[in-house]
Structures are given as structure tokens and as C-alpha cells.
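Grab a pencil and work through these exercises with the model open beside you. Each task is followed by a solution that goes one step at a time.

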Amino acid sequence: MRSRPPNLDNSPDTMNISNRIAHSRPLATTAMHGRAEALRNAGERVIDFSIAISHFPAPASVLDAVSGAIERERTLPYTEVGGALKVREALRAKLAGENRIEARADEIIVTNGCKQAYYQALYAMTDPGDRIAVFRPHWPAYLATAELLGLEVVLADLPETLTEACLAALGKVKVLVLNNPHNPTGKVYTRRELELVRDWATAGGVHVIVDESYEHLIFDGEHVTLAALCDWRAVGVVTLFSASQSYAMMGWRVGFALAPAALVNAMQTLQGPITAAAPHLSQVAAVAAFATGTPHELLRDYRARRDLVVRRFADAPWITMHAPASGPYLWGDVRGLTMDTVGFAERLLEEERVALMPGDALGEPGFIRIGYISDDEDTLMEGVRRIIAFGTRLAQSAEPR
């Protein structure tokens, strides 16, 4: 009898997918952006507000540093998994000068963007079944990562002002995840709010991961780093930084984390077999970027765009759009029009070829998130015009006749 050849068909119908990933879904943010890109690749003119991609170039000092490294070094080496020592020393100086945090080089790890730093920190701090707390609306990756790691997530509504009662209501958790400044609302935590977090975490033995990716994108208020207000090593505070938004370096994929040395060592143990070190040139770019401080020209441009778009939406009665205190996003309240913002986003893309993020993806149905920093100003306002026209049609169709 002739033996049957092995089945080489790896289609989804025959390939066994692990239980760890089988029920997970792609991030809503990247999925919507991918759909917009697919339409563009098919020749459609799509205006994409689903994520924030700056129309600014990376700082000139970054480009000069990278081109200089290419000229000088030619062969670009692997570095230590956690980042080259001189890179971590430069980031240590940034923390001391800008954030008022004293740290050692072995308490810093350079990563391929903030997502990797968050995943590795949470992986190293928790075990399956542990409980973490996240405020909503939230960056989708916070929950997606927790799901992959088998964690239980306590979701709480983000209050206008954080209080002792808000924190007490979270119950017993191992880790609190904070986003300061906050994506998508633009909230900037005050010093008093962070002091409450410090005291609550210290008393309850709760560790805190603070994502400070937008530390320089603040229009109103002052950025305060939680780690500067406490003994961050004793409390177990992990602070995440990214060059992506503050320095218009989305595609460079570089960030870093500050954490107690034992945790950094554990994060490196995980990073080593996955990606090893961040690319050498991205590390060079990170040093140059974080040395530039606050990007004043970029901030002025974003503030003007923010104000322009908020004024334009003020004429649309079906949406409430406040000017955010920080960040590259606008957070619009459309609850008076619809709670089905997934349906809103789907129809908007289909009928007006404008992509945005439904609030459902960030834990808050009835809201929409708009990345307003991409493209030129004319394209920005054309996209806003299409959104208003679409929403107005929906509002008129819902009126009793």
C-alpha cells in the first residue's frame, strides 16, 4: 500500500492554533489603520484619523546623529540586550535633568517602542490570574497584553479628578496602570492626584506602571512624574517613555523603561530571545531625541490644529468636543447621536472614506477618537467636514417625521 504524503497544508482549517492566542484579536487601533491603508493601496482616497502619525519630520539632530553614525561606524554592532551602556547613561541624564529622578544605568532598559516595554514589565511583574487595574477609556494594548498574560483586569471609569475613594474602589490589585498624559482624553494628572496614588500604592503594596509616552505633548498643566514623588524602587514603580509622539518618530520604534534593577534584569531575560536589543541606529536616535527636550515648534502647531478642529466641531450640535490638555487625539462625545460608535466608524469609512477610532475599542461606547496631527491642514479640515456631514445626516435621519 502506498503511504500517504504528509499534510503540508497550513491553512487555518488544518493548522492548530494555541489556546493562548486562538481567542485573541488584533488591536483595534492597528486593525482600523490597516483597513485604511488597504483602501489607499487599492487607489481610494482615505483620510486616516484612526491613529496619530505626525506630519512633522524627526528632529534634525536625530537625522544628523543617525547619518553620522552610519558614516563613522559602517558596520553597526549588536549592543547589550538592554541597550548600549552609553545610551542608558544618556537616558539616565535625561531622567535626572528633566524628570528629577535619580537612577542607575542598570535600572534602564531600551526597547522596541513603548508596547514592548509595557509587555515585558507586566510579564515580569505578574503571574496568570493576578489582578491589575486600568482606567477607561484606555489604550487598547493595556487590555490586549493583560489578556495574553492571563490576567484579570479591573476596569474603572477615569474620573475628572482622582480621589482616595476612586482608588479604594479598585479593591485588591497587584498592579495599577496609569497613562499620564492620558490617551485618549488628554487628562494630565496633577501633583496632588499622583501623591494620592503614591500613598495608596505604598499602603496597599500595589505596584504601578506609568506610561509617560506623551510627556512633552502638554498644552495645559504641568507634567509630573510619579517616580519623582516617591521611593520608586521600594514602591515598585515602572515608568515608560517613548520617542514616537513627542519627537514625531513613530516608525523608529524606540522607547525605554525605568524600573528597579531586578525587574529590568527580568525584562532583559524576556527581551533577549524575542528581539534582543533595539536596533543600534534607533538607540542612537533615542539619545539625540531625548536630548532635545520639549518640542516647542511641534507643540505650537498641534495647539493651533487642536483649537481649529474644536472650533469647527462646535457648530455641530450632535457632538461635544472639548480641547484636550495634552496629546495628539481629540475625544468626541456622540452619545446624543448614537452609542454604536463601531457602527458609526464602519459607516463613516464606507460612505465618507474617513477612518477614526470608535470609543468601544477604548472601553467607552458613545465616543470617537480622532488623531488630528496627520497630513496637511487642508486634508485635516476636509476630513472634519466629512465627519460633520456624516453625523448631521445621521442626526437628521433619526429625527421624528
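**Exercise 1. Find the odd backbone spots in the loops.**

Step 1: Start with P181, which is found in the loop between β5 (175-179) and α8 (191-204); helices (H or I, at least four residues) and strands (E, at least two) are DSSP runs, numbered from the N terminus. A quick note before going on: this is a predicted model, where local features need pLDDT of at least 70, side-chain atom pairs count only at pLDDT 80 or more, and totals for chains, interfaces and linings use all residues. Residues are numbered from 1 along each chain as its sequence is written, and side-chain values use heavy atoms, with hydrogens and water left out.

Step 2: Check the bond just before that proline: N180 and P181 are joined by a cis peptide bond, with omega about 0°.

Step 3: Now hop to the loop between β3 (131-136) and α6 (140-148), where P137 sits. A cis peptide bond links R136 to P137, again with omega about 0°.

Step 4: Finish at A276, in the loop between α10 (261-274) and α11 (280-290). This residue isn't glycine, yet its phi is positive, near 60°. Why flag these spots? Because most residues other than glycine have a negative phi, and most peptide bonds are trans.

**Exercise 2. Describe the overall build.**

Step 1: Count the elements: the protein has 14 helices and 13 strands.

Step 2: Get the extents. Along its principal axes, the C-alpha trace spans about 80 × 70 × 50 Å.

Step 3: Compare with a globule. For 401 residues, a compact globule would have a radius of gyration near 21 Å, and the protein's 22 Å agrees (taken over C-alpha atoms; the rule is 2.2 Å times the number of residues to the power 0.38).

**Exercise 3. Work out how the two domains meet.**

Step 1: Split the chain into domain 1 (19-56 + 296-398) and domain 2 (60-291); the bounds come from an automatic or database domain assignment. Their C-alpha centres lie 26 Å apart.

Step 2: List who touches whom. Domain 1 puts 29 residues into the contact and domain 2 puts in 28 (heavy atoms within 4.5 Å).

Step 3: Size it up. About 2,300 Å² is buried between the domains, with carbon and sulfur atoms giving 62%; buried area is the accessible area (1.4 Å probe) that two parts lose on being put together, summed over both.

Step 4: Look for charge pairs. There are 2 salt bridges between the domains (a side-chain nitrogen of Lys or Arg within 4 Å of a carboxyl oxygen of Asp or Glu).

**Exercise 4. Which salt bridge links distant parts of the chain, E44 with which partner?**

Step 1: Search the whole structure, which gives 26 salt bridges.

Step 2: Pick out E44, which pairs with R353, the closest N and O atoms being 3.4 Å apart.

Step 3: Place both ends: E44 is in the loop between α2 (28-41) and β1 (47-48), while R353 is in the loop between α13 (341-352) and β11 (354-355), 309 residues apart.
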